[in-house]
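Colleague: Before we go through this model, could you walk me through how its parts are held together, taking one point at a time?

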Amino acid sequence: MVDVLDLKPRPSPLELFNSIAAQGEHVRALKAEKAPKDEIDSAVKMLLSLKMSYKDAMGEDYKPDRPPANPALQSNSGPDATEAEEDFVDPWTVQTSSAKGIDYDKLIVRFGSSKIDKELINRIERAIGQRPHRFLRRGIFFSHRDMNQVLDAYENKKPFYLYTGRGPSSEAMHVGHLIPFIFTKWLQDVFNVPLVIQMTDDEKYLWKDLTLDQAYGYTVENAKDIIACGFDVNKTFIFSDLDYMGSSPGFYRNVVKIQKHVTFNQVKGIFGFTDSDSIGKISFPAIQAAPSFSTSFPQIFGGRADVQCLIPCAIDQDPYFRMTRDVAPRIGYPKPALLHSTFFPALQGAQTKMSASDPNSSIFLTDSAKQIKTKVNKHAFSGGRDTMEEHRQFGGDCDLDVSFMYLTFFLEDDDRLEQIRKDYSSGAMLTGELKKELIEVLQPLIAEHQARRKEVTDEVVKEFMTPRKLSFDFQ
């Protein structure tokens with residue numbers, strides 16, 4: 001699973017051509033099955049968006065019998081290309097031409113999800129009887145699918161559970177990786193529900209130059225950082241795909257059911273697979289989909305098939321779960337609901353790639369107080385002016401400034417954040433002073449995380465990762 005901004009080339013016209021073919025097949029299948037109108041409308045909207053992207057790339061309409069003659073041509077080339085090109089987001093590629101990052105309102109329209117508006121936030125507050133998390137208040141989690149349905153269930157004392165995950169590609173996690181887990185822990189606490197966390201070490205083995213032992217080793221190390229977020233062992237099951245799928249018939253049966261109902265054309269269209277990709281990659285989406293169904297965890301849910309799942313994740317993961325939601329009614333399960341987050345920017349700005357191989361692209365959970373200070377001061381992209389005089393006169397741009405972006409994620413005090421925004425935008429606060437504010441927030445946050453992680457032993461990890469009944473009573 002991905003949770004940070006990852007910049008890669010846009011899909012070629014040939015990839016768009018294949019995506020259109022797959023989406024067209026999907027629309028026809030939905031119509032044949034007499035699916036709900038909103039599902040069909042959403043799928044048609046996606047099809048039209050793909051066709052528009054194809055026309056932008058090729059300068060002509062899509063024709064099913066005429067694949068593009070030059071697959072090497074990129075969609076952002078040619079004399080008519082402009083700076084105001086569309087953002088592109090899928091599970092493997094997130095690209096924007098704007099220094100402010102992705103236009104999330106456009107993304108909601110394109111993906112056919114729903115905006116988390118004030119009305120929904122107020123309903124969440126009424127349901128839980130306390131103030132919503134800052135990620136909701138500040139639009140960091142900004143989009144959803146069927147959250148009102150989850151709240152209906154909760155208010156009627158019907159069960160649901162949480163599912164999120166991590167792709168363990170290295171030992172060191174950075175602060176961006178914490179975002180879904182910070183929010184998921186809050187959801188678990190306020191709703192008092194069970195949580196499953198999938199560690200996709202199989203995915204990383206298939207995509208990266210890793211041995212199976214290395215991939216599993218990263219799972220254990222990453223699990224320690226996740227546990228250090230404060231999850232309750234009595235309510236939380238963390239599992240490695242490499243371990244759990246082989247020991248859980250219920251999980252594997254769901255994987256096979258999903259595989260039967262998704263065509264190769266569909267996964268090519270969604271994920272951009274080609275004929276040279278391994279069959280492991282092609283079949284993996286079904287493995288990420290399977291935890292969405294409660295029968296994958298009989299030890300937790302006692303074989304119940306009707307417990308709905310809520311998935312907090314970055315919005316680039318949505319295609320996996322659109323696929324899952326399409327399959328769910330065909331195999332007799334409720335559709336998973338989703339809460340989508342924005343992307344966490346690299347220190348160098350919202351357009352740049354955050355990479356585990358570049359230690360200066362983010363703040364890592366292993367960084368010392370001195371390293372945090374140095375990284376923020378040297379590498380955090382500034383929205384300030386070129387000179388102090390200009391900055392005092394015109395003020396800084398909080399929409400571009402990475403230090404301010406990071407504060408929106410990690411500074412709890414809304415009033416203080418708003419005061420910083422006003423002071424920086426007016427020029428009363430200088431870039432160095434803004435960076436100092438961020439450093440003073442991050443240093444204790446990372447130090448406290450490191451202290452909690454030291455207490456997470458291999459035995460504690462084993463306890464979290466042992467399949468077992470959790471402390472919940474589902475009637």
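Colleague: Which side chain meets that of R453 in a salt bridge?

Modeller: This is a predicted model, and local features are taken from it only where pLDDT is at least 70. R453 belongs to helix α20 (residues 431-454), and the pair links distant parts of the chain, 232 residues apart, with the other residue in helix α9. R453 counts as partly exposed, at 22% relative accessibility. The salt bridge has an N to O distance of 3.0 Å, and the side chain that meets R453 there is that of E221.

Colleague: Which other side chain meets that of E221 in a salt bridge, at 3.5 Å, N to O?

Modeller: E221 is partly exposed, with a relative accessible area of 22%. Its partner in this second pair counts as buried, at 11% relative accessibility, and the two are three residues apart in helix α9 (residues 212-227), so they are separated by about one helical turn. The side chain that meets E221 at 3.5 Å is that of K224.

Colleague: How many residues apart in sequence are the parts that E39 and K335 tie together?

Modeller: The side chains of E39 and K335 meet in a salt bridge at 2.0 Å, N to O. Buried means under 20% relative accessible area, and by that cut-off E39, at 13%, is buried, as is K335, at 18%. E39 lies in helix α2 (residues 37-58) and K335 in the loop between α15 (318-327) and β9, so the parts tied together are separated in sequence by 296 residues.

Colleague: Which strands lie at the edges of the sheet?

Modeller: Seven strands form an open sheet with mixed pairing, in the order β3-β4-β9-β8-β5-β6-β7. Within this sheet, β6 (residues 195-199) pairs with β7 in the parallel sense over five bridges, and L195 has T236 as its bridge partner in β7. The edge strands each pair on one side only, and they are β3 (114-115) and β7 (236-240).

Colleague: What angle does the direction of helix α6 make with that of β8?

Modeller: The loop between β4 and α6 holds D146, a residue other than glycine with a positive phi, near 65°. Helix α6 (residues 147-155) packs on the sheet, where it touches β4 (141-145), β5 (160-166), β8 (308-314) and β9 (337-341), and the angle between its direction and that of β8 is about 135°.

Colleague: How many of the 11 residues of helix α13 are buried?

Modeller: Among the buried residues of α13 are G280, K281 and I282. K281 counts as buried at 17% relative accessibility, and, leaving aside residues up to four places away in sequence, K281 touches L206, W207 and F273. Helix α13 (residues 279-289) is largely enclosed by the rest of the structure, because the number of its residues that are buried is nine.

Colleague: How far apart in space are I258 and I287, C-alpha to C-alpha?

Modeller: I258 is in helix α11 (residues 249-260) and counts as buried, at 1% relative accessibility. Its contacts, not counting residues up to four places away in sequence, include A286, A289 and M323. I258 and I287 are 29 residues apart in sequence, and their C-alpha separation in space is 8.6 Å.

How values were computed: Residues numbered from 1 in each chain as written. Predicted model: local features only at pLDDT ≥ 70, side-chain atom pairs only at ≥ 80, totals over all residues. Heavy atoms only, no water. Pairing = 2+ DSSP bridges. Helix = DSSP H or I, 4+ residues; strand = E, 2+ residues; numbered from the N terminus. Contact = heavy atoms within 4.5 Å. Axes fitted to C-alpha atoms, helices over the stretch in contact; angles between N-to-C directions. Buried < 20%, exposed > 50% of the residue type's maximum accessible area, 1.4 Å probe, protein only. Salt bridge = Lys/Arg side-chain N within 4 Å of Asp/Glu carboxyl O.
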